[in-house]
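Trainee: Please take a close look at the interior of this protein and describe it in one connected account.

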Amino acid sequence: MKSEWKKNAREIYLPKEEPSVITLPEFGFFAIDGRGNPNGQGFGVLVETLYSLSYAIKMSPKSGNAPEGYGDYAVFPLEGFWDISEEAKENFSVLDKDSLVYTIMIRQPEFVNAGYAADILSAVKKKKPQLPVESARFERLTESACVQMMHVGTFETEPASFACMEAFAIRQGLKRVSKKHHEIYISDPRRTAPEKMKTVLRFQVTGA
């Protein structure tokens with residue numbers, strides 16, 4: 001039976017449009033770091049790299065290279081951790097997208113281990129040498145306690161949702177760890193009107 005994150009992990013990927021607290025376990029990801037304005041062409045190349053790696057695993061049974069324990073599944077959505085450079089923090093007034101630093105990533109199924117991920121990195125690098133596969137990595141991450149909510153609308157309207165989340169955290173006696181935050185992109189921007197885009201917003205908290 002096919003595993004689908006929209007059905008099996010709704011609390012992680014489809015939260016309500018109001019803040020809530022979630023405690024997350026460790027997951028494995030393909031990840032790649034970047035900096036600067038995500039509207040540039042370079043960001044799209046990084047995204048393509050992550051999807052190439054993810055679909056290499058998804059389609060591995062057809063190439064006879066499926067890992068032990070493989071089961072059919074839906075590829076997880078693109079995610080990203082976002083912050084600004086240390087230089088920008090020292091002189092911050094208005095957000096300059098050129099000062100952004102980020103890690104984008106795609107979660108992998110539990111049957112993917114570090115050894116198999118290394119094989120996939122090597123195979124995709126040979127198949128698609130034009131992509132910066134050498135900059136990608138497989139790692140296991142956990143966020144532990146977080147406040148999250150579903151944001152509906154453009155990226156430019158996210159500050160209102162973050163303000164709502166921060167007020168909720170204070171009411172719950174929680175403290176935001178840092179201004180770094182996590183986004184999970186549920187909607188396909190090629191097929192969704194900007195005002196209807198769905199993005200999970202999340203930040204780590206202490207005191208939970």
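**The nonpolar interior**

Mentor: The protein has a radius of gyration of 18 Å, which agrees with the value near 17 Å for a compact globule of 208 residues; this radius is taken over C-alpha atoms, and the globule rule is 2.2 Å times the number of residues to the power 0.38. The model is predicted, so local features need pLDDT of at least 70 and side-chain atom pairs count only at pLDDT 80 or more, whereas totals for chains, interfaces and linings use all residues. Residues are numbered from 1 along each chain as its sequence is written, and side-chain values use heavy atoms, with hydrogens and water left out.

Of the 208 residues, 46% count as buried (under 20% relative accessible area, with a 1.4 Å probe and protein chains only). In soluble globular proteins, nonpolar side chains tend to be buried together. Here the largest nonpolar core has 48 residues; such a core is a set of buried Ala, Val, Leu, Ile, Met, Phe, Trp, Tyr and Cys residues joined through side-chain atoms within 4.5 Å. Tyr13, Phe30, Leu53, Ile57 and Ile104 touch the most other members. Helix H3, residues 41-58, gives the most to this core, with six residues (helices are DSSP runs of H or I, at least four residues, numbered from the N terminus).

Beyond its neighbours within four places in sequence, Leu53 is in contact with Phe30, Ile120, Leu121, Val124, Val133 and Ala136, contact meaning heavy atoms within 4.5 Å. A second, separate core holds 11 residues, among them Ala145, Met149, Phe162 and Val205. Across the protein, 78% of the contacts with a separation of 6 or more join residues 24 or more positions apart.

How values were computed:
Buried < 20%, exposed > 50% of the residue type's maximum accessible area, 1.4 Å probe, protein only. Helix = DSSP H or I, 4+ residues; strand = E, 2+ residues; numbered from the N terminus.
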